[in-house]
Structure formats: structure tokens, C-alpha cells
Amino acid sequence: MSQSATLVKTMRCNLMITNKARKGIQEWSTDEHAFFNIQNSFEVYIEKRPVNNHGNTSLSIYFDNVTNVKLAEKVDSRVVVMECILQKDGLLATGLHVRGPKVPVRTNRRLAVDLDFVTTRNNGAGMPLVLHTKIQDLPVAEERSEYVKKRISSWEGYLKIQERNADIADIASPYSKLAFNADFSRMTLHGCTMNANEWKNLRGLSVTLKGFQNDVGDILKADRAKQTIEVEIKPKFRELARKNQWNPKSKEVVFSNFASLSQIRRLRKGFEDLQNGLAANPNLEKILFEDRPTIRVNAKRRELEFHNQLNEFQQEAVVGAMSAEDLYVIQGPPGTGKTTVISEICQQNAKAGLRTLVASQSNLAVDNALSRLLSNKEIRILRFGRTESIEEEGKRFIEENVGLYWKEQTLISLKKELDEHSLREGQLLEQIAGCECRIEELSKEQILIKKAIEQKAEAKVEHEVRLEEIKQLKKQIVLLKKDREELEISLYDVRVKSEALAHELETMDRFIQTNPTREELNSEIDQFMVKIKDIQNYILYKETIDSLQQTEINVETYREKYQEVLVKLNHLEMLKSDIDSIRKVDQLKSKMNEYEIECSSQLQFQMTELDELIGKILAFTDWQELNSRLFAAIDYVEKLLQKYKFPFENVKNNMGRSGILFDSEYTVKEIHQFMNRMKHIMTADDELTTEKLAILLEGLYVREKFVIKQKSTVQMAKNSSITKFQSIKSQVLSDTNREMMSLQHLKTELANKAINEKNQLDFLQKTVKQLEIEIDTTKLLSTSAELKDKKLEMESSIVALKKTEETVTSYMEQLEMKKRDLQKVTKELEEKEAVLQDNELKTKQVNADGLEQERILKALDEILLQNPEQALENTVEAIKGTKGEMVKLQLEKDHLPITQAVQNEWYLLLKEANDHDLDEIRKLYVRHANVIGTTCVASARKEFMENYPVFDVVIIDEVSKATPPELLLPMLKGKKIILVGDHHQLPPLVGEDTLDETLQAILEESDNLEEKDELKKLLKESLFERLFKNLPKTSKTMLAIQYRMHESIMETITPFYEEENYRLQCGLADSDTARDHLLESRYVKRKDHLLWLDMPSEKPYFEERMKDGKSRFNQAELDAIRDVLIDLNDATANAKKEGRMDPDERKSIGVISFYGEQVKRIDRLIGQQANLSHLTFRTGTVDKFQGMEMDVILLSMVRNNQEKSGDIGFANDYRRLNVALSRARELLILVGSSHMFTKRAKQRTSREMYERLLQIVKGNNGLINFQKDGNK
Amino acid sequence: MIDLEKRLKKELQQNVQAKIVSSTAWTIPLHTIEVEYKPVKRIKMDVLMKMMLITCQKAELTSGKQISELLLVEQLFMEDLINIMKRTRLIEIKNQILTLTEKGCNQLEEGIFEEELDARSQNLLYSPSHCSFLQGEIKPALDGEETLNLYRYTSEEKVRLKWEDAVLIDALQTKGMETVDGDLQTVVSEIVSSSELYVDDVPCFEFILHNKSEDLLYARVWNTFLDQWDETLENELNERERVVWREKYLKE
């Protein structure tokens, strides 16, 4: 279907074959070599498939079943498909099969190439790089289709709406009676019986009666209560009815939805075609689904010659549409000449040899557009569609009539030509003369041009020179600039240096100024020196005195120590002499104490031992006593035992063996206690036995033994204490001797030291005396530390002074030198500044020179830009052309007699031609038809698809009135698409309601959330609006000059277009003259063009609602309308009488309303109740009136109530109001309650909208308060 | 006549909503015009191809474009036809000039050939009330037809009894006076004369109906000549009298 892909020139490609593929081939040929040799090359379409499991790129290659003639013959025009894998060295065929002849071959997803498959081995053909790249770039067809499928599914909702009632089976019903209406356009079937569900689904179905082949019409209304069905009859059957030939065999009727189902089928097919890449424009899917559609924009705008008179906006639209590549969108508010633009585009296309499809949602719009096309030999219009639904204007373009149409057109132009025959010769002569003149002029021009060429050559030379000069100058400037920059840098350096010097000088000067002279400084230093010396003496004096005192103390100390030593020696001597006489240790101790002799540690130890021994000896007295008590006790017990004959000797002998453990150590106290206890036992115990006594005796023995042992120990201690004492005494003696010796030493030492100190003392005393002579000791108030500080201070002052003195000296020396330096630097500075200034001057000069040169160059450029060569060529060409024309004219002149004879004959022959004679012409016409008109849905009819698969340009009119699925059908066929519409007018209609209202109704009914969402999305999206808003400026335009309405009528709709780039303008030069309605009456004055007949918002002016539906009517408005119509009729009669109007003329009046029921009642009013012979009418709902225009429009607004909700229903939609207001050319009369619409309406936006309208009406002085008597 | 009226009434009363408020009958005049014309018999040949053959014979032409300019016919058509004619060897190009072959010449001669037949005459029926020729048969008079008055708006019509030839040829064609017989066709080539013979009066039955449910008044007129409800007459009556009917029939 699509021919978008341009074929690449034939390429050789290596083809390898798998066995499986070979099998496939062998069904048609002996082997692959034979198969691929039946044609030199094949036109194929390569589809890229998803990458296979092995990561290879797999391809399906479709062989065109039309262009590959020989192959097609072989496979009965079926489609050969070869599965391949893309390899580096060629294609590997993995399968080949033959599919049905209708399988699409050319799609937007496939690459069209002409391939020469090379199947011989080692052929070296390989895989052409170009092909490989192109295949790589190819999208994977399935993925792309999936994408489109996903996006287009958002449109499913539209189909769902249509399908709502479509999927029902045929319904059959008997009927009892059948009655026609007044003009046989409708019939009513009575006595129908069906079930409740069937009654519900009837609306819109087509009706077939038993006995008739085709359906006779469509159901308008079904009334279950009355068992009646109203049917709109098709024209063909109306005739039958009139002839009383309506004789059905049996009274049975079948209702079916065949028509709507087939329509939905077509719409679905549209979806699929887009999915499968079958759109004529491969870019279509992007245009439709991308937020910012990428549109190929042709940078070059066409220069066009227009056939129609077009305003600037219309010209813009035509030029834009002609220059566009993919899509162009035109917004056409009411009366802005959309049809003229469409007509012009068709003509331009025809001239360019392009075929155009003009499609629209309604037949009316298609016919309207076609009828306005200029009759022109280049344009061959064909209207496609069901004859009965085509309007009168379109009928002459249907296939069976185009022969006749062509005949008429040709006859007209022939007649014109024949009429001019007599003049023709004169004209030709004149034209020949004209040509001669022109040639002469051109020759003159040629000379001038030649001169210009010479000038240009000179200019060229000069141009070069100037360029070179400019180059030099530029170089100079650069050099100068460089110099200047360097200068500036060094200047800066020098300046810094000079400033530094000056500063230094100043510092020095100031220093010298502020400080004393060198001499002063020196004397000051000397003074300080003297002072320091004094201080030093003081310090020395102080120190000496201190040492003197110290030495005196020392002498005293040594003397005391010497005395002590002498005493000690004395004591020792005494101890030595006493010691022999000392017998007791205590005596020794006290002697030592007396003489203050310390014991040595050894001596101390021995003394302690001795003390212990003495202690032991002393303790023995107790033991003595104890021993005697023990003896007594033992004796007593032995005796006692003897008394009782107890062998106590055994006890003594067995002591220690009896097993009784005795303590080996006892204290005195213990033994006493033991004996006390024994005593107690013997006296108190009555049961005293000998055994017990024995034991006691044993105790006594043990203890006695212990006491005896103690006695010997004491004896030993006595002996050792004597020895000990002796050794102590000798120890003391030796210690004393040793001590005496060391004291003797110390004595001598101290004596020496004392002598030394004495000498020192003498020396110091001498020094002090000397110093006291030298200095004034009375002044000595400060301490020596203070003196030292003072001295330090003075010393640092001296250092500072010395430094100052040095600095001053050096500054004095430097000062002159620096001054000389500064002078030098200053001079340098001046020199450099001078050089810089010079440089600047030079630069300025060079710049000025450059500018001058540039100016000259520009002048030369202008000369060079002129293209006298081209002009010369043009003139040469023109001369040649004119000469050719002259020859032609001459020839024509010569041929004139024959031409005229032939044309005469042709005229007569054609005039007499009948249908048979024209048959061939009709066929030619249809074959070469270049403007084809049809409705959107009809453009998808099978026969149409077959005859016209693709159009160069598809123009869709009234786009906003079609749903996207409807629009898609014609869009699929266009290489270029031009959309014309107005989103400020009403959206698509579904039956009586707009799409929005239907959707709203479905939304209210539906419980399915998902479905609701989907539908809500549809409500939001208007394809046209989205495209118009999102497209780049180059791809759209708005027609902003309207020619239909009187200016003041137009004013009412301008607010709806405020957001657009251009304000709606009135193209009528003088509205009052051009749109003069010529009427003068009770209601209407000549100057009135916009009136509002204001109904009171009170009973009995209120609306009424139909019992069985939502539609409403308003009787008071009907009455008012009748009044107005009668008034207008009279006024028209009057206008005729007064000669303003032709006697046969009728004023065209449209009476419209927001409500269908009101329209029905208006119809009856006009048809039945009033004789309005001077008027001609068209009535309808506002929705149905879109696209129409009338001289006068009456709008019955109907809504008028006192309900709280203040609902104004259909009248809320600004688009509906826009349509309603923009139908009238000369006079618009609104009939309704302004209070209701501007004050009581529920929605604020609605109130504002109507308030604005009311203000405009008032501004035109057009508000009339309706009263029954109808006075203004 | 009464039977017919009854039948019609009965038929109208099928519609329960519609009430016949008035019924009358009257006649309209039907003028019988005798037309004398000359038919010719000629071969069926495409007029454009014929003209091209003639043109090629008469003028020296080299291209479709030239013929196109001469005949004021689309060049595309010319190219197509030239190709067909070349293929069927009716023309050939000799010294760059399109020239008829012998076959072409023969064909053209045949095409031009017209056998003039003897003049014939036909009666056409013209109704001033319809301003057109009607096709149909005058039927035998109905009983009581003579009592009927003339249609009340007849006198206002100015009976035109002069017609352009084209109108008469049209009427003759509609009446089927041109026939096709294989490759040959007989066509009316010329009107020799036309004259009025006589006037018949055709009875018509007029019913005024009122549709109660919709409050509509309308006329039904049965034309006995056409044997159908006559839309033209109904429309005329509706337009002229509807308002009066409302006064007359519904105010009671």
C-alpha cells in the first residue's frame, strides 16, 4: 500500500542457502541457482525481526508480487517470503515459503531494495556495505508495531462508544400497520412486538422489510409504550411509497446494525494498518503519538501564483501547506474562507501533478468544498460515495456524471475560444509585434548589462587590491598593538620604579630631618659611657661589701665548729679513762649519754642482745618460785599415790609414752593454773581415782622437766652476758678511738679554713676602703639589681644611638646618588609616554585608513554581488524565449484557419455527444481524476482502497468534528496531510449529542474504573487541538480574517479566539453595506445586526421538559419567534415593494436552538402555522448547523427556569455558543432570557461568557425587552 | 372514480394518527405536443477519439500537447488516447507527424458515417402545473370525471408552448426514442417541428390530512396520470394553503 520507500539501486549480494531453505526453493524450482536466475534482480522488502537466540540479526525478505513479473508468474502472484540471517559476507537463507497474494509487501517498516542474489559458491559478492548499514538502521518491525499498538489503544474508547449498541444480533418483529409522514421521508411501524431489551437497543439500527432486498432506512425513534417505530426512509424507497408500490409480502421487519458494524470494522482496520506500517507517510505514527511531533519542515517556502483572491492569512496557509512535507494544520474560525484555501491547495496540487483527497466527516462538508473549486481544465474532481447521501452540489462529480460535467466544462471553454476566433488574428499580430518590441528592449538591456560586466571585472581587480591593503593595515594595527602593549608594560615598570625612588628619598630626608646631627649623637654616647662607668663602680662596691659580710659570717661559723670538736674530744678521753671501771651496762649507757657519745650500729646491736640476756636472767626468779611449788605438788601427789600403792615410778618412766600429748613449752602462768586446777580437782572431785592422779602426776612431771630445762638456759645466759659486756666495752673503746682520730682531723681542717677566710676578709676590707675613697657612697640608694637594669638600659640606648648615627651617615652619603637616579627615571618616563602617544596616534590613523578601505570594499562588494552575467544570460534566454514565442505565434497565425475549423467541428461534435459517446471520456476522467472527495469513513471502503491506495496530499476538512479513529482513515492514505478545522467549534457528534456529552453520559453510567479513566482521557484530548498547539509555527496557521459576518456579529465570537496569535478581523471593507439586510420593521431597524430579544425570567416564560426525555422546549420563545418571523416576512415584502429587494428573492433565515425538541416545534411553527412566503428557511440544532451560514439567524436559547441549580445544559459549552453566534451573515437575533444566562447560570464561566455577550449586544444597542405586544 | 377515491381514503386511514379533514377532486390540464424529428443511425464511437482522428487528418500535429491545445482537452487524456490509437494502429508517426493509418482512415469514415433515417414524430405530454413533460399514459376517463373542476392554481400558470430543441430532445430521450443496437445507435439529430395537438384533463384526488399527535396539516394529491402521490402538487398546496387550513379545519 505504501510507496514511501524509494528503491535503492540494484545491489549484488551473496546468498547462502541452508538445506531447509533449499527444500522450500525446490518446491518451485530445481535448485536455488535456477530459482534466483529467473530474474536479473528482485525487488524485495526487507523486514528486520527480533534478534534470535544466537544473537543473529534475522530478516524476512518479501518479494514484491507485482514488480517481480517473472517470479509472480511462477508463484501465481503470491508473495514469496525468504527468512534470512544477516552475516558479514552475505545473507544466509534459512527458509523460503510462499504466502497468499494479499500479504502486504511494502510497509514503512521494511527496506526496499533491488537485489541480485548471487548463489554460486565463492562468488566474492559478499554483503554490500550500504545494504548492511541500511539493514542495521532498520527498526525491528515487531517492536515498532507494538509501540504503535500500545499508543493507538488509547483511542479504543472511541470505538467502544460506537460499539456500545453495535454488538447485538438482528432483531425481528412483526408489525400491524405502516404509515408514512407528509412527505414520505419517514414511516411509522405500528404494533411491533419485541422484548424489553430489544426495544432498548433499537436506536440507529437499519431497517429491512420482508420483501425488500435492501434496507429501507434507519430507525429514528422507538416507542415501546405505543409499540411504534419511526423510520427514516431512504430516497429510493420514498419514490416507491409515493407510487403506492410499497407492497411487502408479509408484515415482518428486521432491524440490524450492519452499517455501524461495518463502519467500526473499517475504523479498526485503520488501527491495524497504522500498526503494520501501512501508512502512506511513514512519519504518521510519530505525528499522531509524539508529544512534540517531529515534522519534516521544508526550509524553502514555495513561491506560488494564486488562482483565488486570497488574503495574507490564506496565502500563508496555502504556501505553508504546499511547502510542508508531512503535515500542515490550518485553524479556520467561522467564515474565514477555509474552503477557498482548500480549493486553492487542490488547484496548486493539480498544477503540480499531484493527486489530492478531500475528506471530511460529513458528506455536506465534502460537497461544499468540492463545489467551490474553480472549474479548471487542470482539475478533475471526482466525488466518491453513496449517491443518495451526496448533496446536489456534489452530484455532478460522481462517476456517472463526470462525463457530462466534463462535456459542459469543455464546451464552455470551447465556446469562449470560438467567440474569440474573429479577434484572434489581430491579437496574434499584436502579440508578434509585442515580441519584437520586447526583443529590441532586451537587446538594449544587454548592452547595459555588458557594460556592467566590465565594471564588475574592474571592481574585482580593485577588490583584490583593497583586500590586500586592508590586510596590510590590519597587520600594522596588530604590530602597533603589540608595541603599545609592550610600551605600556615597561612604562608601568618605570613608573613604579620612580615612585619607589621618590618614596625612598622622602623617607631618608624625613629621617635626617627628624634626627640630631652626628656630632650631637656622639657626645650623647660619650656621656652615656661615663655614666655607665660610675654605675659599674657602684656595683663593684656593693658586691664587695656583700662578700665582706659573708666572709665575716664564715669565720665565725668555723670558730664555733672548732669549739664543738674540742668538747667532743674531751668527752671521749673521759669515757676512755672511765670505761675500765664500768661494770654494768646501764652504767656504760649513761656514761655514753653523759658524754654525748653515739653508739655505732654494731654496738647498738650488741647492747640489745645483752639486754635480752639480762631480761632472761631476771625472769628466772619466777621460775625458781614455780619450781619449788612444783616440787611440793609432785611430792604431794607421789605421796598420795604411794598411799594408794600406785606405782608412780611407772608414770615417770612412761612419761611421754602414755599417748597423752603434752605441751613442750609452757609459761609460768600456765603451770600455776595447772596446779591450781589440780588442787581444785583433788579437793573438789569426789571420784578422784588413782588413774586420774597418775595423769595429773604425769602433767606435773612434764612441767617439772620443762622447768629444769629452763634453769639450765638461764645459767647459759648468765655466762654469755658477761662475755657480751666485755665485748661491748672493747667495742666502745675502739669506737671512741676511731672517733677521736677523725675529730682530730676535723679540728685541723677547721683551723686551716678559718685562716683562709681571715685572709680573704683582710683583702675585702682593703678593697672597700679603696672604693670608699673613689666613690661617693652616700649616693648609694639603689640596689645593685636596679643599677644593673639602668646600666643595660644605657647600653641599649647607646646601641640605638650608634645605629642612628650610622644610618644618618649612610643616608647622607646615599641621598645625592638617589636624587640623581630619580632624575634619570623621570626622564625615561617622559620619553616612554611620548612614544606611547605616538603609537596611539598611529593606530588611530591606521584604523581610519582601514575603515575607509572597508567602505570602498563594500561598495565594490555591491558591484560584485550584482549578477550581470546571470542577467545577461537571462536576457539571452529571454530573447531566445521571445523569439521562440514569436515563431509559435507566427505558426499559430498560419494555422489559424485550420484551428478554427477544427475547433468549430469539435464544438458541434461534442455538443451532440450523448452518454455513449462520452463513455470513454468518463473513463479517462476517472483515471486521471486528481481531486477526489469523500467522507473519512468512506475513504476506507474496499473499492476505494483498491482504486486509490495512496494520495499525494490528503486534505481533511472540519477535522474537529471527526474522532481520531475517523481521521486516521484518510490520514493513512496521504503522503502529506493537511488538516483544516477549528477546535473552538463543536467536537464530534454521536447521534444528537456531542462526543463530550456522550462520554459524560457513559461516565455517569459506567462502574468500570479503568474504562472511566480511558474515557476521561478521550475527553481531554482533541487531536486537532493538540496538534495545533504543539506543532512548530512553520506547520500551522490560523485564518484570521472572516468574511461572513457583519462586524458586530463577529464581535460576539472574537473573545473565543483571544488566546490565538491573531485577533479575528473582519474582512468586509464596509460591513454595513456588504451585510445590509435591507429590512426595516417593528423589531429590526436597517442598522441593527445584533439583537437580543430578552425574555423575562418568570412564568409563563419558563422552559418545559419532555416527559420521556431530556430534551426541552420553550413555548414563550416559540411565540416570540413566530412574532419575529411574521415581522421579518412583512419587512421583506416591504423591502420588495420599496425596490430594495428583487420580487422573486427570499430572505434566507436560519432558526436554530440548543435543543432538538425546540427545533422540532420551530419546524412545525414554520410549516404549519405561518405563511411566510418571502422567507426561506433552514432549521436545526446548533450542532447540526455547524458549517452552514444564513442571512438571518434566530437563536432560541430555551433555558429559562427558576430551579436552584441554574443549569443551562447544552448552552454551557462555549464552542456551541460560538457556532450558534457565527452562522449569521447580516442579522443575528437571540431569543432568550438574559437574566437566566448572565445571572442565574450555575457555572461562573458561563455567566461571564453570557455577560460578555450581553455587553456586546448592549453596546450595539440591541437589547429588546420582550413584551407580548412586541414593542421595543 | 368513487372506488378509487375510497381505496385511496382507506389507504390514508391506515395511518391512525392522520385524520382526513377534507377531500376533493379536480383535474389538471395535460397538453399533447406532437414533435417531428429526424433520427440518424450511426456507429458508436468515442467522441474524443473521433475528433482526434479528424484533427490528425486535417492538421499536421506532432504531439499530444498540440492536440490538447487545439481541442482544449487535457493533455493527459490526449497522451492516453494516442497510446491506445498507436497500439491499435489507427495512427502512426510519419516524419514526426501524427498520421492516420489506412485502418484509421477507415475507422474514421465509419465513425463519421451517419445514416439519415426518415423523419419521425412523437407525442409528448406537457403539464403546465409541473412545468415539465410527464411520462405516462392517458387513461380512459373515469366516471364522473367531467364534473370535476380545473385545479385551482392552473389559471395562474402561463402555458409555455415553445420549447428549445434541447428540451424536446431531452424529453424524447427520456421517452426512449434513442436506441442502441450493437455498435450502432439511433439518435435524435434534429427537431423538425412541434405543435400542440390537444389538451387532456387529468383527474387528481386531493386530501387534506391532520396528524393529531404532531399537530401537522398536509395535503395528499393522487395524480391518476402518473399513478402516484404527486409531490409537486402537494408541495404547492401545502405552501399556499396550510395557514388557511388551520383556520378552516381546526378552529371549529
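This section describes the contact between chains A and B, two helix pairs, and several strand pairings in a predicted model.

The predictor's confidence is considered before the geometry. The mean pLDDT of chain A is 85, and 96% of its residues score at least 70. Residues 1–5 of chain A fall below a pLDDT of 50. Beyond near neighbours in sequence, this stretch nevertheless has 21 contacts in the model.

The contact between the two chains draws 37 residues from chain A and 39 residues from chain B. On the chain A side, the elements that each supply at least two residues are strand E8 (177–180), helix H15 (399–514), helix H23 (868–912), helix H24 (915–927) and helix H33 (1156–1169). Helix H23(A) gives the largest share of this side, with ten residues. Sorted by class, the side of chain A that touches chain B comprises 14 nonpolar, 13 polar and ten charged residues.

Two helix pairs within chain A were examined. Two packed helices are described by the angle between their axes and the distance between the axes. For helix H18 (residues 601–643) and helix H21 (residues 690–774) of chain A, the axes come within 6 Å and the crossing angle is roughly 155°. Because of this angle, H18(A) is roughly antiparallel to H21(A). The crossing of H18(A) and H21(A) is left-handed. The residues that form the contact of H18(A) with H21(A) comprise 26 nonpolar, nine polar and nine charged.

The second pair consists of helix H11 (residues 312–323) and helix H12 (residues 338–351) of chain A, with axes that come within 10 Å and cross at roughly 40°. H11(A) and H12(A) are therefore oblique to each other. The crossing of H11(A) past H12(A) is right-handed. From H11(A), the residues in the contact are A:Gln314, A:Ala317, A:Val318, A:Ala321 and A:Met322. They meet A:Thr340, A:Val341, A:Glu344, A:Ile345 and A:Gln348 of H12(A). The contact of H11(A) with H12(A) has six nonpolar residues, three polar residues and one charged residue.

Two open sheets of chain A were also analysed. Strands of a sheet pair through backbone hydrogen bonds, either parallel or antiparallel. Both senses are represented: one sheet has antiparallel pairing, and the other has parallel pairing. The antiparallel sheet holds seven strands of chain A in the order E7-E13-E10-E11-E12-E9-E8. Strand E7 (171–174) and E8 of chain A stand at its edges and have a single partner strand each, so one side of each is left without a neighbour in the sheet. From one strand to the next, the twist of this sheet averages 35°. At one edge, E7(A) is joined by four bridges to strand E13 (residues 252–256) of chain A, and the two run antiparallel. In this pairing, A:Ser173 stands opposite A:Val253 of E13(A). At the other edge, strand E8 of chain A is also among the elements that supply residues to the side of chain A touching chain B.

The parallel sheet contains six strands of chain A, ordered E29-E28-E30-E31-E25-E32. Its edge strands are strand E29 (1175–1181) and strand E32 (1263–1265) of chain A, each of which pairs on one side only. The twist averages 20° from one strand to the next. Within this sheet, strand E28 (residues 1147–1153) and strand E30 (residues 1190–1196) of chain A run parallel and are joined by five bridges. One bridge links A:Ile1149 to its partner A:Val1192 in E30(A).

In chain B, the pairings described here involve strand E9 (residues 184–211). E9(B) runs antiparallel to strand E1 (residues 18–43) of chain B, and 25 bridges join the two. B:Thr24 has B:Glu206 of E9(B) as its bridge partner. Three bridges connect E9(B) with strand E8 (residues 179–181) of chain B, again in the antiparallel sense. Here B:Thr179 is the bridge partner of B:Thr186 in E9(B). The hairpin of E8(B) and E9(B) has two residues between the strands, and B:Gly182 adopts a positive phi near 65°. Eight bridges pair E9(B) with strand E10 (residues 216–223) of chain B, likewise antiparallel. The partner of B:His210 in E10(B) is B:Leu217. Four residues lie between the strands in the hairpin of E9(B) and E10(B), where B:Asp215 has a positive phi near 55°.

Terms used:
Residues numbered from 1 in each chain as written. Chains lettered and ligands numbered in written order. Predicted model: local features only at pLDDT ≥ 70, side-chain atom pairs only at ≥ 80, totals over all residues. Contact = placed C-beta atoms within 7 Å. Nonpolar A, V, L, I, M, F, W, Y, C, P; charged D, E, K, R; others polar. Axes fitted to C-alpha atoms, helices over the stretch in contact; angles between N-to-C directions. Parallel < 35°, antiparallel > 145°, perpendicular 65-115°, else oblique. Left-handed = near helix turned anticlockwise from the far one by under 90°. Pairing = 2+ DSSP bridges. pLDDT = per-residue confidence, 0-100.
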